[in-house]
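Here are a few exercises on side-chain contacts, each with a worked solution. Keep the structure open beside you and try each task before reading on.

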Amino acid sequence: MTEAVETTLRGPEAYSMARRAVEAMEAASVWPTPLNFELWLQYLGDPEGPLGREIQRMLAAGEPFTEDAAGILAAEYRPRGRLTEEIRDAGRVLDRELTSVTEAISQAHKAQSDYGRTLEGAAGSLEIADSAPQLRAIVSSLSTATHRIQKDNETLEKKLDASTREIARLSEHLEQVRRDSMTDALTGLANRKAFDEQLDNARETALSEGARLSLAVVDIDHFKRFNDTWGHQTGDQVLRYVASVLGKAAKAPRIAARYGGEEFALIFPGESLPEVEAALESVRKEIGSRALRRRSTNDDLGAVTVSIGFAHWRGGESAASLLGRADAALYASKRSGRNRVTCADWLDDAA
């Protein structure tokens, strides 16, 4: 959510904006789920922003505002803000825990100093004590001081243990948020941001180790037909189906990502060109081997096919150049009739 909207929601206009959001959702037949409510608040607060323009486009096109659609919008337009908010909250919790631990340690240090002075005083008193009552008083004071320092140490240990658990929980939570911010909400594959980072990392590794690296771009053939004929929910079903096949093929160290829209990408670190070609042909054949049915009506959707282009990294080549050559190979597959795999190197050899 933008800072301007957050500011409004903390002021006197908050109730009015909340009512407008609910009314607008009701008018558009959108269920007021927590995620939808958050998205529509941001939309109404900044209608000319990226999210606002996309929601307006969906409404104008009559596209259903489904749970999956909301997830895609959230993944596209909300993760950075959410991550910033989560990190800010984590910082506050961490600051609170560190302050509490610092105070506990300071109190323990003071208790240790007091105990040391008690011991020094007792040592001096023992040298001059000349009666049993005096000795008993000294021993009693030492016993009391020892008991107090033991309790202080136990309190410190409990506090440190609780803070350690809280910080571990916080670390695990932030790691989950980081994973969520790098995952495409609809397909469960890596998103564009994660893909860009992984491709850069794979290139750096290939550069430093002299290793092989290949990149493939996968595009669903005639995807617009599924959306126009059956609607976006069916289009989402097709996307998830293709993503499931790519996910199975992308066992580590391979990486599968949703690159954007109906386009996906696969990174192949350390594999030869024939190995990559064989894997991609297997993916292409498996995707096309099943006739899908529309979940809501059981209508036959026919076979889904994909066109694929891939490129083998040339030592020193930039990630953008590698992606550009893979993209060129993809469009060569499209021009050649679709439902096929093309290597950028084959295009170079034919030129």
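A residue is called buried when its relative accessible area is under 20%, exposed when that value is over 50%, and partly exposed in between. The model you are looking at is predicted.

**Exercise 1. Classify the two partners of the salt bridge between R203 and E204 as buried, partly exposed or exposed.**

Solution. Begin with the contact: the closest N and O atoms of R203 and E204 are 3.3 Å apart. Next, take E204, whose relative accessibility of 44% makes it partly exposed. Finally, R203 has a relative accessibility of 15%, so this residue counts as buried.

**Exercise 2. Find where D196 and R192 lie, and describe their contact.**

Solution. Locate both residues first: D196 and R192 belong to helix α8 (residues 192–209). They are four residues apart, about one turn of the helix. Their side chains meet in a salt bridge, with 3.3 Å from N to O. Now check the accessibility: D196 is partly exposed at 33%, and R192 is partly exposed at 38%.

**Exercise 3. Work out which parts of the chain the salt bridge between R325 and D345 ties together.**

Solution. Start from the distance, which is 4.0 Å between the closest N and O atoms of R325 and D345. R325 sits in helix α12 (residues 319–335) and D345 in helix α13, so the bridge ties together parts 20 residues apart in sequence. For accessibility, R325 is buried at 12%, while D345 is partly exposed at 24%. Elsewhere, salt bridges with shared partners join E54, R57 and E63 into one network. The structure holds twelve salt bridges.

**Exercise 4. Decide how the rings of W40 and Y43 are arranged.**

Solution. Two rings count as a pair if their centres lie within 6.5 Å, and planes over 60 degrees apart count as edge-to-face. By this rule the structure has four aromatic pairs. For W40 and Y43 the centres are 5.2 Å apart and the planes stand at 85°, so the pair is edge-to-face. These residues are three apart in helix α3 (residues 34–45), about one helical turn. W40 and Y43 are both buried.

**Exercise 5. Describe the aromatic pair of F310 and W346.**

Solution. This pair is edge-to-face, with 6.1 Å centre to centre and 85° between the planes. F310 lies in strand β6 (residues 306–312) and W346 in helix α13 (residues 344–350), so the pair links distant parts of the chain, 36 residues apart. F310 is buried, at 0% relative accessible area, whereas W346 is partly exposed, at 34%.

Terms used:
Residues numbered from 1 in each chain as written. Predicted model: local features only at pLDDT ≥ 70, side-chain atom pairs only at ≥ 80, totals over all residues. Heavy atoms only, no water. Phe/Tyr/Trp six-rings, centres within 6.5 Å; stacked < 30°, edge-to-face > 60°. Helix = DSSP H or I, 4+ residues; strand = E, 2+ residues; numbered from the N terminus. Buried < 20%, exposed > 50% of the residue type's maximum accessible area, 1.4 Å probe, protein only.
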